[in-house]
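Grab a pencil and work through these short exercises with the model open beside you. Try each task before you read its solution.

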Amino acid sequence: MKWFNTNAAHNLINVLILLLTSLVGFDWTMFGIDAALALKIAGVLTLLKILMNVVPDGVAGLVKKQPAVEGN
């Protein structure tokens, strides 16, 4: 999967968090999980995103200027 990189993973996690948090107001039992578990999953996904940003550059990397994206 040549297209799958940390940016793709980051964006996939964004979509999962959006889906989980936007559906919190609904009856989660139809999906087999309760609202508390769904929020825990969203929290873990959010933590994963933060760690993906911290690992390459450390905590300072969260606020440092990012290089421009090069075209193909």
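**Exercise 1: A surface patch**

Task: Find which residues make the nonpolar surface patch of about 590 Å².

Solution: In this predicted model, the patch is built from Trp3, Phe4, Leu12, Val15, Leu16 and Leu19. Now pick out one of them, Leu16. Leucine 16 sits in helix α1, which covers residues 6-22.

**Exercise 2: Two leucines**

Task: Decide whether leucine 16 and leucine 48 count as buried, partly exposed or exposed.

Solution: Start with the cut-offs: buried is under 20% relative accessible area, exposed is over 50%, and partly exposed is in between. Leucine 16 has 35% relative accessibility, so it counts as partly exposed. Leucine 48, found in helix α2, has 39%, so it counts as partly exposed too.

**Exercise 3: Two helices**

Task: Work out how α1 and α2 are oriented to each other.

Solution: First, look at the axes: those of α1 and α2 (residues 35-57) come within 9 Å and cross at roughly 155°. Next, recall that angles over 145 degrees count as roughly antiparallel. Therefore α1 and α2 are roughly antiparallel to each other. Last, add the handedness: their crossing is left-handed.

**Exercise 4: Sequence and space**

Task: Say how far apart leucine 48 and histidine 10 are in sequence and in space.

Solution: Along the sequence, leucine 48 and histidine 10 are 38 residues apart. In space, C-alpha to C-alpha, leucine 48 and histidine 10 are 8.8 Å apart.

Terms used:
Residues numbered from 1 in each chain as written. Predicted model: local features only at pLDDT ≥ 70, side-chain atom pairs only at ≥ 80, totals over all residues. Heavy atoms only, no water. Patch = residues over 30% accessible without salt bridge, like charges linked within 9 Å, V, L, I, M, F, W, Y side chains within 5 Å. Areas by Shrake-Rupley, 256 points an atom, 1.4 Å probe, with all protein chains shown as cover. Salt bridge = Lys/Arg side-chain N within 4 Å of Asp/Glu carboxyl O. Helix = DSSP H or I, 4+ residues; strand = E, 2+ residues; numbered from the N terminus. Buried < 20%, exposed > 50% of the residue type's maximum accessible area, 1.4 Å probe, protein only. Axes fitted to C-alpha atoms, helices over the stretch in contact; angles between N-to-C directions. Parallel < 35°, antiparallel > 145°, perpendicular 65-115°, else oblique. Left-handed = near helix turned anticlockwise from the far one by under 90°.
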